[in-house]
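User: I'd like to learn how to read a protein model, one feature after another. Could you walk me through this one?

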Amino acid sequence: NNVLSGSNNTLTMGERYLAAQIVSITAGTACYPIDSIRRRLMMQAGVPIEVRLYKNSLDCFRKVLASEGIRGFFLGIGPNLVRSFGAALLLVSY
């Protein structure tokens, strides 16, 4: 079954689910650092400007990287990855 040969091959349900799972995990992991910065900025929304930890998203990125390293951007990614199983099922069902 060579997909590149031009024959009319279709993927099995398991292959489709695997492809959807890979896409879902990759997209979720790639977007998570941006979401992490957004969440940190949202958490200080009601705080007076003088007391806020971060001035803007770039400042937040720099401070998190300096104090927590790359790991700081991926804290809490576990539940997102678990949720990706449902997202992959949704992609496959269409």
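User: Let me start with a single side chain. Is Phe61 buried, partly exposed or exposed?

Analyst: Happy to help, and please keep in mind that this is a predicted model. For a question like yours, look at the relative accessible area: under 20% is buried, over 50% is exposed, and in between is partly exposed. Phe61 has a relative accessible area of 36%, so it is partly exposed.

User: Which aromatic pair does Phe61 form, and how are the rings arranged?

Analyst: Two things help here, the distance between ring centres and the angle between ring planes; planes under 30 degrees apart count as stacked. The structure holds one aromatic pair. Its members are Phe61 and Phe73, 5.0 Å centre to centre with 25 degrees between the planes, so the pair is stacked. Phe61 sits in helix α2, residues 57–68, while Phe73 lies in the loop between α2 and α3 (77–93). The two are twelve residues apart, and the pair links distant parts of the chain. As for Phe73 itself, a relative accessible area of 3% makes it buried.

User: Now the cysteines. How many disulfides does the structure hold?

Analyst: Zero. The test is whether two cysteine sulfur atoms lie within 2.5 Å. Cys31 is in no disulfide, and its nearest cysteine sulfur, in Cys60, is 17 Å away. That is too far for a bond. Their surroundings can be read from accessibility as before: Cys31 is partly exposed at 48%, whereas Cys60 is buried at 0%.

User: Let me zoom out. What does the secondary structure come to?

Analyst: Three helices and zero strands. Following the sequence, the pattern reads α-α-α.

User: Is the protein compact or spread out?

Analyst: A good way to judge is to set the radius of gyration against what the globule rule gives for the chain length. Here the radius is 19 Å, well over the 12 Å given for 94 residues, so the protein is more spread out than a compact globule. You can also look at the box filled by the C-alpha atoms, roughly 65 × 25 × 20 Å along the principal axes.

User: How much of the protein is buried, and what makes up its accessible surface?

Analyst: Buried residues account for 19% of the 94 residues. The accessible surface comes to about 7,100 Å², and carbon and sulfur atoms contribute 67% of it.

User: And what share of contacts joins residues at least 24 apart?

Analyst: Counting contacts between residues at least 6 apart in sequence, 58% join residues at least 24 apart.

Notes. Residues are numbered from 1 along each chain as its sequence is written. This is a predicted model: local features need pLDDT of at least 70, side-chain atom pairs count only at pLDDT 80 or more; totals for chains, interfaces and linings use all residues. Side-chain values use heavy atoms; hydrogens and water are left out. Rings of Phe, Tyr and Trp (its six-membered ring) pair if their centres lie within 6.5 Å; planes under 30 degrees apart count as stacked, over 60 as edge-to-face and the rest as tilted. Helices (H or I, at least four residues) and strands (E, at least two) are DSSP runs, numbered from the N terminus. Buried means under 20% relative accessible area, exposed over 50%, partly exposed in between (1.4 Å probe, protein chains only). The radius of gyration is taken over C-alpha atoms; the globule rule is 2.2 Å times the number of residues to the power 0.38. Contact means heavy atoms within 4.5 Å. Accessible areas come from the Shrake-Rupley method with a 1.4 Å probe; for residues, only the protein chains shown count as cover.
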